[in-house]
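Here is a short report on one chain. Please look over the sequence and the model before reading on.

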Amino acid sequence: MARVLASAAHLLFRHVRVLRLWFLAGWGLVFLGAIVGWWRVHSTWAALLALNVVAYVALLVGAGWRRERLIREAPLPQFLKRK
């Protein structure tokens, strides 16, 4: 089970840039639909937006932290090692 979660987290952090575009496109469509009148804005949308923003920020922070950790722990190429 832990292996499945680790691979899902790896996949999520790997494609964070694409997820950012989908996130922005989805909320853009929501706001456009609310302005045009496709649907009514409910009070629960504010809570959903807040939860999405928190999840999005957590995803970005986690991806940055994971990237920095991978860079820091990566082995040096052979030509950079001290002799």
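## Fold

The chain has 3 helices and 0 strands. Read from the start of the sequence, the pattern is α-α-α. The model is predicted. Helix α1 covers 2-14, α2 covers 16-36 and α3 covers 44-73.

## Burial and surface

The chain counts 83 residues, and 10% of them are buried. The exposed area comes to about 7500 Å². Carbon and sulfur atoms supply 69% of that area.

## Largest pocket

How much space lies in the largest pocket? The volume is about 290 Å³. Each of the helices α1, α2 and α3 supplies at least two residues of the lining. Helix α3 gives the largest share, with 6 residues.

The lining residues are H10, F13, R14, V16, R17, R20, L60, A63, G64, R66, R67 and L70. By class, 5 are nonpolar, 2 are polar and 5 are charged. Arginines in the lining include R14, R17 and R20. R66 and R67 also line the pocket. Among the nonpolar residues there are F13, V16 and L60. G64 is counted as polar in this scheme.

## Nonpolar surface patch

Which residues form the nonpolar patch on the surface? They are L29, L32, I35, V36, W38 and W39. Together they have about 650 Å² of accessible area.

I35 is one of these patch residues. I35 sits in helix α2. Its relative accessible area is 73%. I35 is therefore exposed, since the cut-off for that class is over 50%.

## Salt bridge

The structure holds 1 salt bridge. Its partners are R69 and E73. The closest N and O atoms of the pair are 3.9 Å apart. This falls inside the limit for a salt bridge, which is within 4 Å. Side chains of opposite charge can pair when their charged atoms come close.

Why are R69 and E73 separated by about one helical turn? Both belong to helix α3, and they are 4 residues apart there, so about one turn lies between them. The two ends of the bridge fall into separate accessibility classes. R69 has 27% relative accessibility and counts as partly exposed. E73 has 56% and counts as exposed.

## Contacts across the sequence

Two pairs show how positions separated in sequence are placed in space. Take N52 and W27. They are 25 residues apart in sequence. In space, C-alpha to C-alpha, they are 9.6 Å apart. N52 lies in helix α3. At 28% relative accessibility, N52 is partly exposed.

The other pair is L19 and L59, which are 40 residues apart along the chain. Their C-alpha atoms are separated by 9.6 Å. L19 lies in helix α2. L19 has a relative accessibility of 33%, so it counts as partly exposed.

Terms used:
Residues are numbered from 1 along each chain as its sequence is written. This is a predicted model: local features need pLDDT of at least 70, side-chain atom pairs count only at pLDDT 80 or more; totals for chains, interfaces and linings use all residues. Side-chain values use heavy atoms; hydrogens and water are left out. On a 1 Å grid over the protein atoms alone, a cavity is a set of points where a 1.4 Å probe fits but cannot get out, and a pocket is an open set with protein on both sides within 12 Å along at least five of seven lines; lining residues have an atom within 4 Å of a point. Grid points are joined across faces, edges and corners, and a volume is the space filled by probe spheres set on the points. Patches are made of residues with over 30% relative accessible area and no salt bridge: like charges are joined within 9 Å, nonpolar side chains (Val, Leu, Ile, Met, Phe, Trp, Tyr) within 5 Å. Accessible areas come from the Shrake-Rupley method with a 1.4 Å probe; for residues, only the protein chains shown count as cover. A salt bridge is a side-chain nitrogen of Lys or Arg within 4 Å of a carboxyl oxygen of Asp or Glu. Buried means under 20% relative accessible area, exposed over 50%, partly exposed in between (1.4 Å probe, protein chains only).
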